[in-house]
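Me: I would like a close look at one part of this model, the nonpolar core, together with the residues that surround it. Please take it slowly and keep the reasoning connected.

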Amino acid sequence: MLSKNQKLFFLLVIIIAFLVSCSKTDYEMLGTQAFNKGNYDKAIFHYQKSLKLRLEALGPEHLDVASAYFILGIAYSKKEQYDLSILHYQKSLTIKRKKLDPEHPDFMYIYYRLGIAHNQKKQYDQAIRFF
């Protein structure tokens, strides 16, 4: 049987995990609102905060972290910062390759976005590899 202090400790851990989860989601929602309004700098700011919380709470190999990298890649692409976009897509891809079946549909989206980013940089030989 758990002591009162142990029960309080476990309750505190659950509350902290819930708050971290809400915070990362809140930052992502704020980022999405800014993104939808065309304010990509503000979107990136919030997406980066969400990524930081996910990394701290879940570790660098979690699929939620991969999703955060992918979303950041899209935002950087909208700002025409294709090198940063490609970097974030690649980070997402690296995590997903470790966690998902190679036939998972998420890969299609990442490859497509990588192809678009390389095409925008006029790196056509690179782009064609992803289409």
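Reply: What follows goes from the whole chain to the core, and then to a few single residues.

The model is a predicted one, and its chain holds 6 helices and 0 strands, so that reading along the sequence gives the pattern α-α-α-α-α-α. The C-alpha atoms occupy a box of roughly 65 × 35 × 20 Å along the principal axes, and the radius of gyration is 18 Å, where a compact globule of 131 residues would have one near 14 Å. Buried residues account for 32% of the 131 residues. Of the contacts between residues at least 6 apart in sequence, 46% join residues at least 24 apart.

Now to the core itself. The largest nonpolar core has 26 residues, and the members that touch the most others are F35, Y47, L51, L72, Y89, I110 and L114. Two or more residues each are given to this core by α1 (4-36), α2 (40-58), α3 (63-78), α4 (82-99) and α5 (106-120), with the largest share, 9 residues, coming from α3. In soluble globular proteins, nonpolar side chains tend to be buried together.

One of those well-connected members, I110, shows how the surroundings are built: leaving aside neighbours within four places in sequence, I110 is in contact with F70, Y89, S92, L93 and K96. Y89 is thus both a partner of I110 and one of the core members that touch the most others.

The last partner in that list deserves a separate look. K96 has its place in helix α4 and, with a relative accessible area of 7%, counts as buried because that value falls under the 20% limit. Apart from neighbours within four places in sequence, K96 is in contact with L63, A66, S67, D106, F107 and I110. The side chain of a lysine is counted as positive, and D106, among the contacts of K96, belongs to a residue type counted as negative. Over the whole chain there are 19 positive and 12 negative side chains, and the centres of the two sets lie 6 Å apart.

A second buried position is found in helix α5, where A117 has its place. A117 is at 0% relative accessibility and therefore counts as buried. Beyond its neighbours within four places in sequence, A117 is in contact with Y82, S85, I86 and Y89. One of these pairs can be given a distance: A117 and Y82 are 35 residues apart along the chain, yet their C-alpha atoms are separated by 5.6 Å. Y89 appears again here, as a contact of A117 and also of I110.

Two exposed loop residues offer a contrast with these buried positions. E80, in the loop between α3 and α4, has a positive phi of about 65° although it is not a glycine, and its relative accessible area of 59% makes it exposed. K122 lies in the loop between α5 and α6 (124-130) and likewise has a positive phi of about 65° without being a glycine; at 61% relative accessibility, K122 counts as exposed. The two lysines discussed here therefore fall on opposite sides of the limits, since K96 is buried at 7% and K122 is exposed at 61%.

As for the outer surface, the accessible area of the chain comes to about 8500 Å², and 58% of this belongs to carbon and sulfur atoms.

Definitions and conventions. Residues are numbered from 1 along each chain as its sequence is written. This is a predicted model: local features need pLDDT of at least 70, side-chain atom pairs count only at pLDDT 80 or more; totals for chains, interfaces and linings use all residues. Side-chain values use heavy atoms; hydrogens and water are left out. A nonpolar core is a set of buried Ala, Val, Leu, Ile, Met, Phe, Trp, Tyr and Cys residues joined through side-chain atoms within 4.5 Å. Buried means under 20% relative accessible area, exposed over 50%, partly exposed in between (1.4 Å probe, protein chains only). Helices (H or I, at least four residues) and strands (E, at least two) are DSSP runs, numbered from the N terminus. Contact means heavy atoms within 4.5 Å. The radius of gyration is taken over C-alpha atoms; the globule rule is 2.2 Å times the number of residues to the power 0.38. Accessible areas come from the Shrake-Rupley method with a 1.4 Å probe; for residues, only the protein chains shown count as cover. The place of a charge is taken as NZ of Lys, CZ of Arg, CG of Asp or CD of Glu.
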